[in-house]
Amino acid sequence: MLRKKKEFTKGMVLGIAFFVVLAYMFTPNFGGQNAFHASDALFNSISKGSTYYIPQVMEGTKKFEGKAFEVSIFEHDAKMIPYAAAVLQANGLNVASGEAGLKVSGDLGDLMQKVVNDSDAMFKNEGDALSAKYGMEPREAMYVWWKIMKEVKLALDHQKVFAPATFISKYVVSRAIEVGYNYYGIDAQDVTENVWIIVFALVFYVIYTMWWGYSIFFIFDGLGLEMKAGKKKEM
């Protein structure tokens with residue numbers, strides 16, 4: 001069966017060693033985590049510092065200060081109404097139950113600034129402030145904000161008030177709420193403080209991928225399996 005015993009043995013040794021290293025990477029020997037969770041946490045920490053758009057978003061909300069708005073939200077999602085009402089009322093917005101959904105009115109710029117302030121608190125891992133304010137878990141409160149602003153955006157679109165609707169979608173939701181939510185609980189780190197760990201991780205990834213490729217190559221070579229180009233058939 002074996003055509004080249006030396007190559008086959010080399011491939012098997014490489015393959016077994018590959019799985020030994022893989023098994024070790026699943027152990028909690030990397031700061032109490034396995035290698036995959038530890039590397040994920042490291043790169044999340046490094047990326048956090050480069051995704052802090054919230055000050056720019058806050059500056060952009062100023063152009064909507066003093067602009068009154070009135071919308072009806074959650075007309076087709078009644079279960080969200082009590083949560084939305086609690087969050088909006090805590091921020092001084094005018095809230096009233098309509099025939100369907102929740103009627104909200106107030107200053108559009110003020111609404112955006114309240115959202116961005118909460119997003120900033122989440123980004124800075126100050127979730128306790130949101131819990132005290134709303135009586136909810138921090139992530140739950142931000143999820144309610146996310147749903148509210150999505151509904152407000154749709155309502156403004158229907159009213160053909162496109163400028164604030166676009167700003168809400170492109171900046172308030174994407175660069176404030178979602179960034180604050182996703183990076184909550186993560187401590188930011190400077191890439192320069194971990195440059196050698198990052199270099200090692202990237203180099204190891206390349207070597208480890210090639211390691212598995214060569215083990216398969218030598219095993220197949222030892223078995224005598226080869227890949228050859230097919231003969232070109234003339235029409």
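In this predicted model, Lys-48 lies over the face of Phe-123, at 4.8 Å from the ring centre. A second lysine is placed over a phenylalanine ring: Lys-10 lies over the face of Phe-218. Here the distance from the ring centre is 4.7 Å.

Phe-218 also takes part in an aromatic pair. Its partner is Phe-217. The two rings are 5.5 Å apart, centre to centre. Their planes stand at 65 degrees to each other. The pair is therefore edge-to-face, since the angle is over 60 degrees. The two residues fall into separate classes of exposure. Phe-217 has a relative accessible area of 48%, so this residue is partly exposed. Phe-218 has a relative accessibility of 16% and therefore counts as buried, the limit being under 20%.

Aromatic pairs in the model come to 17. One aromatic cluster is formed by Phe-18, Phe-19, Phe-200, Phe-204, Tyr-208, Trp-211 and Trp-212.

A further phenylalanine, Phe-69, belongs to strand S1, which spans residues 68-73. The covered face of S1 carries Phe-69, Val-71 and Ile-73. The uncovered face carries Ala-68, Glu-70 and Ser-72. In a regular strand, side chains alternate between the two faces of the sheet. S1 pairs with strand S3, residues 102-107. The pairing is antiparallel and runs over six bridges. Within S3, Gly-106 is the bridge partner of Phe-69. Phe-69 thus appears both on the covered face of S1 and in a bridge to S3.

Technical notes:
Residues are numbered from 1 along each chain as its sequence is written. This is a predicted model: local features need pLDDT of at least 70, side-chain atom pairs count only at pLDDT 80 or more; totals for chains, interfaces and linings use all residues. Side-chain values use heavy atoms; hydrogens and water are left out. Rings of Phe, Tyr and Trp (its six-membered ring) pair if their centres lie within 6.5 Å; planes under 30 degrees apart count as stacked, over 60 as edge-to-face and the rest as tilted. Buried means under 20% relative accessible area, exposed over 50%, partly exposed in between (1.4 Å probe, protein chains only). A charge sits over a ring if NZ of Lys or CZ of Arg is within 6 Å of the ring centre and within 35 degrees of the ring normal. Helices (H or I, at least four residues) and strands (E, at least two) are DSSP runs, numbered from the N terminus. Two strands pair if DSSP finds at least two bridges between them.
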